[in-house]
Amino acid sequence: MKRSLLLAALLAAALSPAALAQGADTTLHALAVRAFNDGSWQFALTRFRKLADEQPQSTLRPSALYYGGLCALYLDDTARARASFDELARSYPTDPFTARSRIHVCRMLLEGGKPAAAVDEGRSALQRFKLGEREGELRLVLAQAYFRLGVEEAALKELAALTGDARDAARFETGRWHFRKGRLAEAEAVFAELFARLPAAQAAREASPDPELRQKVAFFLAKAIFLQRRFDEALSRFD
C-alpha cells in the first residue's frame, strides 16, 4: 500500500505543470543550441525567443535571451539583438550572461558610429560586472572607441592594461594608431617587436585566437618601412 502511494505521488509530481514546463524548456533549449552550433541562426533565434516568451520562470531563460541576441546579431538585426540584450539586463542584472552581453552592446555602439556611447557602456560594464577572461575583449573595444574620439592617452592606457591573448591584439592596435598618425618609426618598432614574438603560421593556427594576426602585422610592418623610403627592405618582407 505504501509503495503504491509513493509511486502515485512520484507520478503526480512528474506530470505536474511545473515539471512538464521544465522538461519542455530543456528540450527547446537543446534544440536551439544545436541549431546555433550548426549556424542555423534564424531557426535557433525562433526557438530561443519561444523559450524566453513562454517559459518566464525557466532557469534557462537568461541563456535563451543571450544566445537569441547573438543569433539576431549574426543575422545583422542589431535592433533585435540590442532588445534581447537589454531585456536580459533588466530581468537578470547580476547574471553572467548579462555581463557577456554588454560587451556585444559596446561593440554594436562602436560599429554603429557611436563611440561616446560605447565608452559609457564599456565603463559601466567594467564597474558593474566581473568579466574575468572577457575583460580584455571589452577593454580592446573601449580602446578603439577612445581612438575614434581622439582621446589617445585613454586608448593607450586601456591597451596597456591588457594581458594574455588580448595583449597581442592590443599591441597591433597601438601600432596601427601610430601608423595612422604618421608616426612611422614608432609604428615600425611596435610591429617589429610583435612580429618577432608571434608564433609562426602553423603554431598560430593551433593556438592563437587570431591566426591571421602575424600576417596582418607583417603587412603593416612592411608598409611602415616602405613609407620611410627603405624600399628594398620593405619589398624583402613580401618575399
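Leaving aside its neighbours within four places in sequence, which residues is Ser84 in contact with? The close-up views below start there, in a predicted model.

**View 1. Ser84 and its contacts in helix α5.** Welcome to Ser84, a residue of helix α5, which spans residues 78-91. Beyond its neighbours within four places in sequence, Ser84 is in contact with Arg49, Leu65, Gly68 and Gly69. Ser84 counts as buried because its relative accessible area is 6%, and buried means under 20%.

**View 2. Helix α4 packs with helix α6.** Here helix α4 (residues 61-74) meets helix α6 (residues 96-111) at an angle of about 20°, and their axes are 10 Å apart. The two helices are therefore roughly parallel, since angles under 35 degrees count that way. The crossing of α4 past α6 is left-handed. From α4, look for Pro62, Ser63, Tyr66, Tyr67, Leu70 and Leu73 in the contact; α6 brings Phe97, Arg100, Ser101, His104 and Met108. Sorted by class, this contact of α4 with α6 holds 7 nonpolar, 3 polar and 1 charged residues.

**View 3. The largest nonpolar core.** This core has 47 residues, and those with the most contacts inside it are Phe48, Phe85, Leu131, Leu138 and Leu159. Zoom in on Leu138: setting aside residues up to four places away in sequence, Leu138 touches Ile103, Cys106, Gly122, Ala125, Leu126 and Leu131.

**View 4. Another core, apart from the largest one.** This core has 14 residues, including Phe179, Ala187, Leu221 and Ala234. As useful background for both core views, nonpolar side chains in soluble globular proteins tend to be buried together.

Methods. Residues numbered from 1 in each chain as written. Predicted model: local features only at pLDDT ≥ 70, side-chain atom pairs only at ≥ 80, totals over all residues. Heavy atoms only, no water. Axes fitted to C-alpha atoms, helices over the stretch in contact; angles between N-to-C directions. Helix = DSSP H or I, 4+ residues; strand = E, 2+ residues; numbered from the N terminus. Parallel < 35°, antiparallel > 145°, perpendicular 65-115°, else oblique. Left-handed = near helix turned anticlockwise from the far one by under 90°. Contact = heavy atoms within 4.5 Å. Nonpolar A, V, L, I, M, F, W, Y, C, P; charged D, E, K, R; others polar. Core = buried A, V, L, I, M, F, W, Y, C linked by side-chain atoms within 4.5 Å. Buried < 20%, exposed > 50% of the residue type's maximum accessible area, 1.4 Å probe, protein only.
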